[in-house]
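Let's take a walk through this one, from the pockets to the core and then on to the charged pairs. Have the model open as you read.

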Amino acid sequence: MVSAVFHSPLNASLPLPHAGEGRGEGVAHAKAAPLPRAEKEKKPRTPLDLRAFWMRVLPPFLGFGLLVLVWEIVAMKSTTGFPTPLATWQQALTVFSDPFYSKGPNDQGVGWNVLSSLQRVALGFGLAAAVGIPAGFAIGRFEFLSRMFNPLISLLRPVSPLAWLPIGLLVFKGANPAAIWTIFICSIWPMVINTAVGVQRVPSDYMNVAKVLNLSEWKILTKILFPAVLPYMLTGVRLAVGTAWLVIVAAEMLTGGVGIGFWVWDEWNNLNVANIIIAIFVIGIVGLVLEFALIKLATAFTFEEVKS
């Protein structure tokens with residue numbers, strides 16, 4: 001009787017057992033045999049995301065291009081001598097070739113005008129921060145003060161900035177303190193409101209822990225309220241700076257002296273439209289720099305991402 005053994009094709013590729021495999025020696029030998037080395041995988045290079053690059057570069061470029069195109073069309077159709085973009089650029093090169101010249105109190109370079117406006121903004125904004133931020137903490141912390149001042153804030157906040165200028169001229173008897181007063185009264189509201197809202201939104205658990213630990217009011221302010229309210233407070237500061245920079249231009253146009261607002265009004269009296277357009281771009285760039293600086297400041301002191 002003949003017996004036939006059929007092997008699977010898969011078993012044909014397996015190595016034959018070595019002698020002594022039944023005693024476990026073959027297994028040890030198989031473990032000791034070196035395995036073939038795999039080829040080292042190369043780290044793939046991060047591909048350049050061209051779509052993201054063009055999405056960051058192309059839209060702003062097209063926006064400025066559209067602005068220049070509309071500007072050029074308006075200048076071509078104008079019959080009053082509206083300057084073209086090229087003529088304004090040439091005038092800007094002349095203006096910024098010597099921005100700090102001084103030929104008297106009413107004839108100074110654009111650099112001195114911008115610095116004078118920034119000085120007034122710094123004084124008015126600094127006074128508003130010194131008063132508004134502590135007031136916001138007090139209004140948000142104590143319900144009696146909140147009920148007392150909320151109607152006054154709601155009444156005075158919508159008043160136009162220029163409506164406060166005559167009051168400043170009457171009280172302070174001078175154009176410069178009147179402009180600073182106008183900046184102060186218009187910058188204080190965003191800081192008061194945002195700080196008070198931040199204090200009122202502090203979780204009640206924090207305050208309950210403070211009561212259990214019997215913390216003093218100073219400890220509550222410095223250890224609990226201030227870190228929690230900081231994002232709201234910095235948002236109010238950003239809004240206040242933007243308001244201050246808007247107000248100073250209008251105030252200086254009415255009060256005169258040295259400043260970017262007065263420079264715009266003076267160039268209008270001289271019918272120098274190119275310098276007015278240059279002043280508009282200068283005002284926008286300075287406001288953009290202030291906004292960017294405050295965004296960086298808020299990002300450095302808060303854990304949340306700050307968006308413009």
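## Two pockets

A word on classes before we start: Ala, Val, Leu, Ile, Met, Phe, Trp, Tyr, Cys and Pro count as nonpolar, Asp, Glu, Lys and Arg as charged, and the others, Gly among them, as polar. Keep in mind, too, that this is a predicted model. With those classes, the lining of the second largest pocket splits into seven nonpolar, eight polar and four charged residues. That pocket holds about 210 Å³ of space. Its lining has 19 residues, and the ones nearest the centre are Tyr101, Asp107, Gln108, Gly109 and Trp263. Helices α4, α5 and α11 each give two or more residues to this lining, and α11 has the largest share, with four.

Now for the largest pocket, with about 340 Å³ of space. It is lined by 14 residues, and Trp71, Thr88, Trp89, Ala92 and Phe281 are the closest to its centre. The elements that supply two or more lining residues here are α3 (50-77), α4 and α12. Helix α4 gives the most, six residues. What does this lining look like by class? It comes out as 13 nonpolar residues, one polar and no charged ones.

## The nonpolar core

The largest nonpolar core has 55 residues, and within it Met191 and Ile260 touch the most other members. Quite a few helices chip in with two or more residues: α4 (85-97), α5 (110-141), α8 (175-200), α9 (204-212), α10 (217-255), α11 (260-269) and α12. Of these, α10 is the top contributor, with 16 residues.

Who are the neighbours of methionine 191? Leaving aside residues up to four places away in sequence, methionine 191 touches Phe125, Ala128, Ala129, Gly132, Ile133, Gly236, Val237 and Ala240.

## Serine 117 and its surroundings

Serine 117 sits in helix α5. Is serine 117 buried or exposed? Its relative accessibility is 0%, so serine 117 counts as buried.

Around serine 117, once residues up to four places away in sequence are set aside, the contacts are Trp245, Ile248, Glu252, Gly259, Ile260 and Gly261. Two of those names turn up elsewhere in this report. Ile260 is one of the two residues that touch the most other members of the largest nonpolar core, and Glu252 is half of a salt bridge with arginine 120.

## Salt bridges

How many salt bridges does a search of the whole structure find? The count is four, and three of them are worth a closer look here. Side chains of opposite charge can pair when their charged atoms come close.

Start with glutamate 252 and arginine 120, whose side chains meet at 2.6 Å, N to O. Glutamate 252 is in helix α10 and arginine 120 in helix α5, so this pair ties together parts that are 132 residues apart in sequence. Where do the two partners stand on burial? Glutamate 252 is buried, at a relative accessible area of 0%, and arginine 120 is buried as well, at 11%.

Next comes the bridge between the side chains of arginine 141 and glutamate 217, at 2.8 Å, N to O. This pair also links distant parts of the chain, with arginine 141 in helix α5, glutamate 217 in helix α10, and their positions 76 residues apart. Arginine 141 is partly exposed at 28% relative accessible area, and glutamate 217 is partly exposed at 39%.

## Arginine 238 and glutamate 291

The remaining pair joins arginine 238 to glutamate 291, with their closest N and O atoms 2.6 Å apart. Arginine 238 belongs to helix α10 and glutamate 291 to helix α12, and the pair links distant parts of the chain. Helix α12 runs over residues 273-301. Computed along the backbone numbering, so to speak, the two are 53 residues apart, while in space their C-alpha atoms are 6.8 Å apart.

What about burial in this pair? Arginine 238 is buried, with a relative accessible area of 14%. Glutamate 291 has 26%, so it counts as partly exposed.

Definitions and conventions
Residues are numbered from 1 along each chain as its sequence is written. This is a predicted model: local features need pLDDT of at least 70, side-chain atom pairs count only at pLDDT 80 or more; totals for chains, interfaces and linings use all residues. Side-chain values use heavy atoms; hydrogens and water are left out. Buried means under 20% relative accessible area, exposed over 50%, partly exposed in between (1.4 Å probe, protein chains only). A nonpolar core is a set of buried Ala, Val, Leu, Ile, Met, Phe, Trp, Tyr and Cys residues joined through side-chain atoms within 4.5 Å. Contact means heavy atoms within 4.5 Å. On a 1 Å grid over the protein atoms alone, a cavity is a set of points where a 1.4 Å probe fits but cannot get out, and a pocket is an open set with protein on both sides within 12 Å along at least five of seven lines; lining residues have an atom within 4 Å of a point. Grid points are joined across faces, edges and corners, and a volume is the space filled by probe spheres set on the points.
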